[in-house]
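Here is a set of questions to work through at the bench. Keep the structure open as you read.

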Amino acid sequence: MQHRIIVLGAGYAGATAAGRLAKRLRREDVAITLVNAEPDFVERVRMHQLATGQNLRSRPFSEMFAGTGVEPKLAKVTGIDVDRRTVAVTDAAGARQELAYDTLVYALGSGWNTHGVPGTTEHAHEIAGRPGALRLSERLARLEAGRPVVVVGGGLTGLEAATEIAEARPDLDVALAARGALGDWLSPKGRLHLRKVCAGLGITVHEDTAVTRVDADHVTTSAGASIPAEVTVWTTGFAVHPIARATALEVTGTGQIVVDGAMRSVSHPDVYAIGDAAMVMGPGDRPLRMSCASGIPTAWQAADGIAARLTGTKPPHTPLRYFNQCISLGRKEGLIQYVSADDRAVRAALTGRLAALYKELVCKGAAWGVANPTFGLPTRRRRVVRAGPQELSAVNAEA
């Protein structure tokens with residue numbers, strides 16, 4: 001009897017976890033199913049590029065996981081019953097199905113967060129996923145020269161979106177509305193470079209500006225000012241997928257699943273949560289931010305913990321810490337802000353063309369790691385000798 005592992009969501013975290021589990025466990029002992037609503041891997045960190053009409057490489061899951069033992073399943077998750085250990089899904093043809101699991105890895109991630117600001121849903125564009133980025137690409141392609149575009153949100157996503165649009169369409173009037181000072185979390189060197197790039201691209205920066213309403217042709221600020229916006233791009237953070245909140249899992253006020261250091265649900269030990277979906281405490285007892293930099297290490301931690309639990313071994317320790325923040329500022333400029341373990345900026349920063357190349361290597365490396373899930377497959381793997389929903393024991397065995 002195989003131990004049934006279901007991974008929900010195939011972003012950076014989910015796809016990484018599925019591949020790592022296949023790398024750690026024997027196919028005879030486990031059945032790994034990877035459920036995702038899209039048939040190929042989406043490089044979420046490149047959505048600002050997709051929004052400006054750039055072509056991204058296709059990585060179908062059927063090819064990525066061929067021969068690994070991971071079964072990709074194209075379907076949308078519609079519900080989870082953590083007491084019965086089942087997942088309800090609907091496939092592309094509309095057929096409904098119920099999947100049973102022994103261990104569940106929840107990696108459904110997050111989408112855009114409107115914060116309840118009036119008009120965002122009706123008039124703003126988002127780039128938290130591929131459908132939104134493609135809609136924005138189509139809208140920008142139809143936009144005439146000289147028309148105003150406002151990017152709301154001065155975080156990493158907003159900076160990358162504003163600079164990418166301004167570089168790709170220098171004929172547009174691009175503005176960025178930031179709630180605080182531009183790049184106020186960066187080092188002095190990082191802030192100086194950011195201002196230089198924005199000025200060079202002709203981006204109008206509205207600092208200390210909170211947008212309180214979005215209309216078809218403008219946004220309104222908390223100060224009552226009106227900023228022209230033929231297109232509004234909303235990048236004010238992320239909101240987690242709502243399904244977890246509808247289950248019996250213990251979640252935070254934001255809907256993130258509460259986990260222990262092994263990424264295991266504190267209320268349901270047969271459920272692991274990773275990436276944006278999990279409330280994970282990092283160095284300095286600070287929650288990890290929603291990012292690829294957080295998602296992949298949590299996937300490693302969960303996969304190694306599951307493999308160790310199923311085989312009766314001690315899991316390796318994966319440090320959950322940060323080293324830098326990589327920001328692309330168009331295709332020719334970049335900013336690598338080095339940070340402390342708890343994600344606070346230090347003095348050192350890499351800027352310019354070299355930083356852009358660095359960021360590109362990081363993005364390519366992350367995508368390559370997901371697309372080659374069992375690279376370096378060990379010659380010896382642990383064998384699960386008793387499969388089922390309970391804790392399992394095992395012995396060493398040849399792969």
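The questions and answers below concern a predicted model.

Q: What is the average pLDDT of the protein?
A: The model is predicted, and pLDDT gives the predictor's confidence in each residue. Of the residues, 94% score at least 70. The average pLDDT is 93.

Q: Over which residues does pLDDT stay under 50?
A: Where pLDDT is low, the predicted coordinates should not be read in detail. The model does have 47 contacts beyond four places in sequence for the stretch in question. The stretch under 50 is residues 387-399.

Q: Which residues have the most contacts inside the largest nonpolar core?
A: In soluble globular proteins, nonpolar side chains tend to be buried together. The largest nonpolar core here has 63 residues. Apart from it lies another core of 31 residues, among them Val-42, Leu-159, Ala-162 and Leu-335. In the largest core, the residues with the most contacts are Ile-5, Leu-8, Val-77, Tyr-106 and Ile-274.

Q: Which residues does Ile-5 touch, not counting residues up to four places away in sequence?
A: Ile-5 is one of the residues with the most contacts inside the largest nonpolar core. Its partners include Thr-33 and Thr-103. The others are Leu-21, Leu-25, Val-30, Ala-31, Ile-32, Val-105, Ile-306 and Leu-310.

Q: How far does helix α6 reach from its first C-alpha to its last?
A: Helix α6 covers residues 156-168 and has 13 residues. At 1.5 Å a residue, 18 Å is expected. The reach is close to that value, at 18 Å.

Q: Is Glu-164 buried or exposed?
A: Glu-164 lies in helix α6. The buried residues of α6 also include Gly-158, Leu-159 and Ile-165. Buried means under 20% relative accessible area. At 1% relative accessibility, Glu-164 is therefore buried.

Q: Which residue meets the side chain of Arg-331 in a salt bridge?
A: Side chains of opposite charge can pair when their charged atoms come close. For Arg-331, the N to O distance is 3.0 Å. The pair links distant parts of the chain, 167 residues apart, with Arg-331 in the loop between β20 and β21. The partner is Glu-164.

Q: Which residues are linked with Glu-164 and Arg-331 in a network of salt bridges?
A: The structure holds 25 salt bridges. Some of them join into a network that contains Glu-164 and Arg-331. The other members are Glu-43, Arg-46, Arg-59 and Glu-360.

Q: Which residue forms a salt bridge with Glu-230?
A: The closest N and O atoms of the pair are 3.8 Å apart, and the cut-off is 4 Å. Glu-230 lies in the loop between β14 and β15 and its partner in helix α5, so the pair ties together parts that are 91 residues apart in sequence. The partner is Arg-139.

Q: How far apart are the closest N and O atoms of Asp-343 and Arg-289?
A: Asp-343 counts as buried at 16% relative accessibility, whereas Arg-289 is partly exposed at 24%. The two form a salt bridge. The closest N and O atoms are 2.6 Å apart.

Q: Which backbone oxygen does the side chain of Asn-372 reach?
A: Asn-372 lies in the loop between α9 and β23. Asn-372 is partly exposed, with a relative accessible area of 29%. Its side chain reaches the backbone oxygen in question at 2.9 Å. That oxygen belongs to Trp-368.

Conventions
Residues are numbered from 1 along each chain as its sequence is written. This is a predicted model: local features need pLDDT of at least 70, side-chain atom pairs count only at pLDDT 80 or more; totals for chains, interfaces and linings use all residues. Side-chain values use heavy atoms; hydrogens and water are left out. Helices (H or I, at least four residues) and strands (E, at least two) are DSSP runs, numbered from the N terminus. The expected span of a helix is 1.5 Å times one less than its number of residues. Buried means under 20% relative accessible area, exposed over 50%, partly exposed in between (1.4 Å probe, protein chains only). A nonpolar core is a set of buried Ala, Val, Leu, Ile, Met, Phe, Trp, Tyr and Cys residues joined through side-chain atoms within 4.5 Å. Contact means heavy atoms within 4.5 Å. pLDDT is the predictor's confidence in each residue, from 0 to 100. A polar contact is a pair of N or O atoms within 3.5 Å; within protein, one must be able to donate a hydrogen and the other to accept it, and residues adjacent in sequence count only if both atoms are side-chain atoms.
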